[in-house]
Amino acid sequence: RDMGGIEGDWELRVEMCPVPAKLTIKWLMGGTCMLACTVPKGNMMQCMMKKVDGRLELLKFAITKRLPPVEIIELESELADFFSVGVETIVREGDNLRLSRKGTEYLFSVDKNVKK
């Protein structure tokens, strides 16, 4: 897998939101990749992807249906739109992780606050 080093816990800090979005990536059996993303106090998004011919293909997207606090709605809806159609590339850049698809990209950083 040339997508090595992407597993683990990541966070996204942006000006529009008082709390960082959290992302966990895990490789499962059979080359399936699970991405779980949430903005604290918001909805949990889960994206199941499989590597096909060197790129990621979306298998399934799910999101819980809670009404999030107003201060996180903008970031949560942007991330839901992004993950709901699948991520094309995930590239590790040192302590950062770049997720992109069709001109949209997010740069997550290692989440150093995760309790192991």
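**View 1. Asp111 is buried, at a relative accessible area of 9%.** Buried here is under 20% relative accessible area, exposed is over 50%, and partly exposed sits in between (1.4 Å probe, protein chains only). A quick note on provenance: this is a predicted model, where local features need pLDDT of at least 70, side-chain atom pairs count only at pLDDT 80 or more, and totals for chains, interfaces and linings use all residues. Residues are numbered from 1 along each chain as its sequence is written, and side-chain values use heavy atoms, with hydrogens and water left out.

Back to Asp111, which lies in the segment after β8 (104-110). Helices (H or I, at least four residues) and strands (E, at least two) are DSSP runs, numbered from the N terminus. The Asp111 side chain makes a polar contact with the side chain of Lys22 at 2.9 Å, and the Asp111 side chain also reaches the backbone nitrogen of Asn113 at 3.0 Å. A polar contact is a pair of N or O atoms within 3.5 Å; within protein, one must be able to donate a hydrogen and the other to accept it, and residues adjacent in sequence count only if both atoms are side-chain atoms. Setting aside residues up to four places away in sequence, Asp111 touches Asp9, Trp10, Glu11 and Lys22, with contact meaning heavy atoms within 4.5 Å.

**View 2. Strand β2 (residues 21-27) has two faces.** In a regular strand the side chains alternate between the two faces of the sheet. Here Ala21, Leu23, Ile25 and Trp27 point to one face and are buried, while Lys22, Thr24 and Lys26 point to the other and are not. Lys22 is also the residue whose side chain makes the polar contact with Asp111.

What pairs with β2 over five bridges? That is strand β1 (residues 8-12), in the antiparallel sense; two strands pair if DSSP finds at least two bridges between them. Trp10 stands opposite Leu23 in β2. β2 also pairs with strand β3 (residues 32-38), antiparallel again, over six bridges, and there Lys22 stands opposite Thr38.

**View 3. Hairpins link β2, β3, β4 and β5.** Start with β2 and β3: four residues lie between them, and Gly30 in the turn has a positive phi of about 75°. Next, seven bridges join β3 to strand β4 (residues 44-52), the two running antiparallel, with Thr38 opposite Met44. The hairpin of β3 and β4 has five residues between the strands. Then come eight bridges between β4 and strand β5 (residues 55-63), also antiparallel, where Lys51 has Leu56 in β5 as its bridge partner. Two residues separate β4 from β5 in their hairpin, and Asp53 takes a positive phi near 50°.

**View 4. Two lysines have a positive phi.** Most residues other than glycine have a negative phi. Lys41, in the loop between β3 and β4, has a phi near 75°. It is exposed, given its relative accessible area of 63%. Lys102, in the loop between β7 (96-101) and β8, has a phi near 40°. Lys102 is exposed too, at 66% relative accessible area.

**View 5. Helix α1 (residues 73-84) has a buried face.** α1 has twelve residues and spans 16 Å from its first C-alpha to its last, close to the 16 Å expected at 1.5 Å a residue; the expected span is 1.5 Å times one less than the number of residues. Which residues of α1 are buried? They are Leu75, Glu76, Leu79, Ala80, Phe82 and Phe83. Seen down the axis, these buried residues fall within an arc of 165°, so they line one face of the helix. The arc is that of the directions from the helix axis to the C-beta atoms. After α1 comes Gly86, with a positive phi near 95°.

**View 6. Leu107 sits in strand β8.** Leu107 is partly exposed, with a relative accessible area of 38%. Leaving out neighbours within four places in sequence, Leu107 contacts Leu12, Glu93, Asn96, Leu97 and Arg98. The C-alpha atoms of Leu107 and Thr89, 18 residues apart along the chain, are separated by 12 Å.

**View 7. The cysteines form zero disulfides.** A disulfide is a pair of cysteine sulfur atoms within 2.5 Å. For Cys17, the nearest cysteine sulfur is that of Cys37, 11 Å away. For Cys33, the nearest is that of Cys47, 8.4 Å away. Cys17 counts as buried at 7% relative accessibility, and Cys33 is buried at 0%.
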